[in-house]
Amino acid sequence: MLKKMTFAAALATATILSGAASAKTFVFCSEGSPEGFDPGLYTAGTTFDAAAHTVYNRLLEFKKGTTETEPGLAESYETSADGLEYTFKLRSGVKFQTTDYFTPTRDLNADDVIFSYDRQMNKDNPWNQYIAGGSWEYFAGMGFPDLIASIEKVDDMTVKFKLKRKEAPFLANVAMPFASIMSKEYADKLEAAGTKEKLNQQPLGTGPFQFVAYQQDAAIRYKANPDYWGGKQKIDDLVFAITTDAAVRYQKLQAGECHLMPYPNAADVQAMKSNPALTVQEQEGLNIAYVAFNTTQAPFDKVEVRKALSMAVNKQAIVDAVFQGAATPAKNPIPPTMWSYNDAVKDDTYDPEAAKKMLEDAGVKDLSMKVWAMPVARPYMLNARRAAELMQSDFAKVGVNVEIVSYEWAEYLERSKAKDRDGAVILGWTGDNGDPDNFLDTLLGCDAIGGNNRAQWCNKEFDDLVTKAKESSDQAERTKLYEQAQVIFKKEAPWITVDHSLSVVPMRKEVTGFVQSPLGDFAFDGVDLAE
């Protein structure tokens, strides 16, 4: 059972905007509930915001507003001449958080780093299966089990990673949420007490904020970590007010009940920009929304059927209705702002008549299928239910009957991974590290089947190109390989590529220091409230 507090108590400190209290409390109207608080177990940005970007740190971090890495818990690193060894020198004096449920007796050291990785890669580690049904989806999806030969403790403050092959995105991957560093001492205490599950319920790390309490589907409360190695934050308390409806988030923002909100309704953005009490930040999103067929299930195992259904969808109509122009139809599985984007690829033309004939030629008649619609707003898909309704109408024009289904967000993510999943699922991705590998291999690689590869699609030619690309340190060579991979993807059509969206973040005028991330995350270190 997760530690709980009342929602009223969580927001009791929200005298924030009146300035009546001396302590500063920042309220974030988050879009959904976290799946848990162990970043290694999950892949959703909702969870990463609630855990990885508040409670934890990694060896390397992404510089604010960029996809470049900088020192985090590792103050420096060295790479061997052959590119197979990375030696990280840890930052001295980094303290784990002191909470009501744990008081550390030592600072961060190499044992914590090794524990954090070994639990994900070593099936004999007692923590490998500590959550029933839990899996290290991201660790596996990034190919780390097959990449890392060993992790060695050189001394208390030095860790050496030995790789089986060269891996160009390795350093960027080390900065991602799944690679967050946990306290081995805390884990040892939980193991001895027989309460391992608390690692996922009562998180404890080295990050700028420490966990206080969580009320399921209502609120998460944090306080500034007084011992944070980067300096104590200017805000004293941080509250995630979980508010799934974008219209309600906007109402709360206007009323001063929260300071910042994600994923506004497109129809509200112009009014937000005109509101003198608000500021709106915008940037091109490093994202893709897609509809993934289960390519192992008939009739979606036929390329011509997938192509026909792709041609049946009016993507521009979805962009207009859901984003009101704040997005563009997608043709590739990576966004146009990312290096190696292949603009020469031709998109499937919207042509219902041709699509209908293609289905008939494939022997498909009276097809009934499910389209899964996400229950939450994400930057790449603000209203999946509306998008699914438009697809339902489009598919009806070519003789395909669609049932729209959905589930609670954590269940949706889990169910959609199943290899025998029926129908086509609406999902998407915001890049985690600025590298094309994070899209092409993570979402479409053969090793990602049963995880992030919701299409269950394995194409050897595609997979070989993507694997070869990440083993090269030559970006020009990598670009050519990724361009070829995009051609194969489009030919095989495991997805309907839907859109790339603009990322819009509205906030109160008094918010200072918030930097919009190209990676789509919401981190509040460095944020303040003007008096």
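On a 1 Å grid over the protein atoms alone, I take a cavity as a set of points where a 1.4 Å probe fits but cannot get out. Lining residues have an atom within 4 Å of a point. Grid points are joined across faces, edges and corners, and a volume is the space filled by probe spheres set on the points.

**Setup.** I am reading a predicted model, where local features need pLDDT of at least 70, side-chain atom pairs count only at pLDDT 80 or more, and totals for chains, interfaces and linings use all residues. Numbering runs from 1 along each chain as its sequence is written, and side-chain values use heavy atoms, with hydrogens and water left out.

**Confidence.** I looked up pLDDT, the predictor's confidence in each residue, from 0 to 100. The chain average is 93, and 96% of the residues score at least 70. Over residues 1-21 the pLDDT is below 50. That stretch still has 44 contacts in the model beyond near neighbours in sequence; a contact means heavy atoms within 4.5 Å. Where pLDDT is low, the predicted coordinates should not be read in detail.

**Cavities.** I counted 3 cavities of 30 Å³ or more. The largest has a volume of about 70 Å³. Its lining includes Tyr-263, Val-504, Phe-514, Asp-521 and Phe-522. I sorted residues by class: Ala, Val, Leu, Ile, Met, Phe, Trp, Tyr, Cys and Pro are nonpolar, Asp, Glu, Lys and Arg charged, and the others, Gly among them, polar. The lining of the largest cavity comes to 6 nonpolar, 4 polar and 1 charged.

The second largest cavity has a volume of about 50 Å³. Among its lining residues are Gln-283, Glu-284, Leu-286, Asn-287 and Thr-430. Here I get 3 nonpolar, 7 polar and 1 charged. Pro-379, Ser-503, Ser-517 and Gly-520 appear in both linings.

**Disulfide.** I applied the cut-off for a disulfide, a pair of cysteine sulfur atoms within 2.5 Å. The structure holds 1. Cys-446 is joined to Cys-458, S to S 2.0 Å. The link is right-handed, with 90° about the S-S bond. Both cysteines lie in the loop between helix H15 (437-444) and helix H16 (460-470), so the pair ties together parts that are 12 residues apart in sequence. Helices (H or I, at least four residues) and strands (E, at least two) are DSSP runs, numbered from the N terminus.

Next I checked exposure: buried is under 20% relative accessible area, exposed over 50%, partly exposed in between (1.4 Å probe, protein chains only). Cys-446 is buried at 18%. Cys-458 is partly exposed at 48%. I also looked at Cys-29, buried at 0%, and Cys-258, buried at 0%.

**Phe-211.** I found Phe-211 in strand E8 (residues 209-215). Its relative accessible area is 3%, so Phe-211 is buried. Leaving out residues up to four places away in sequence, Phe-211 touches Phe-37, Val-55, Tyr-101, Gln-201, Gln-202, Pro-203, Ile-220, Arg-221 and Tyr-222. From Phe-211 to Ser-135 I read 23 Å, C-alpha to C-alpha, with their positions 76 residues apart in sequence.

**Helix H10.** How many residues of helix H10 (residues 303-312) are buried? I get 8 of its 10, and the helix is mostly covered. The buried ones include Arg-306 and Lys-307. Val-305, Leu-309 and Met-311 are also among them. The cover over the buried residues of H10 includes strands E12 (287-293), E14 (368-372) and E17 (495-508). It also includes helices H12 (352-361), H13 (384-396) and H17 (475-492).

Technical notes: On a 1 Å grid over the protein atoms alone, a cavity is a set of points where a 1.4 Å probe fits but cannot get out, and a pocket is an open set with protein on both sides within 12 Å along at least five of seven lines; lining residues have an atom within 4 Å of a point.
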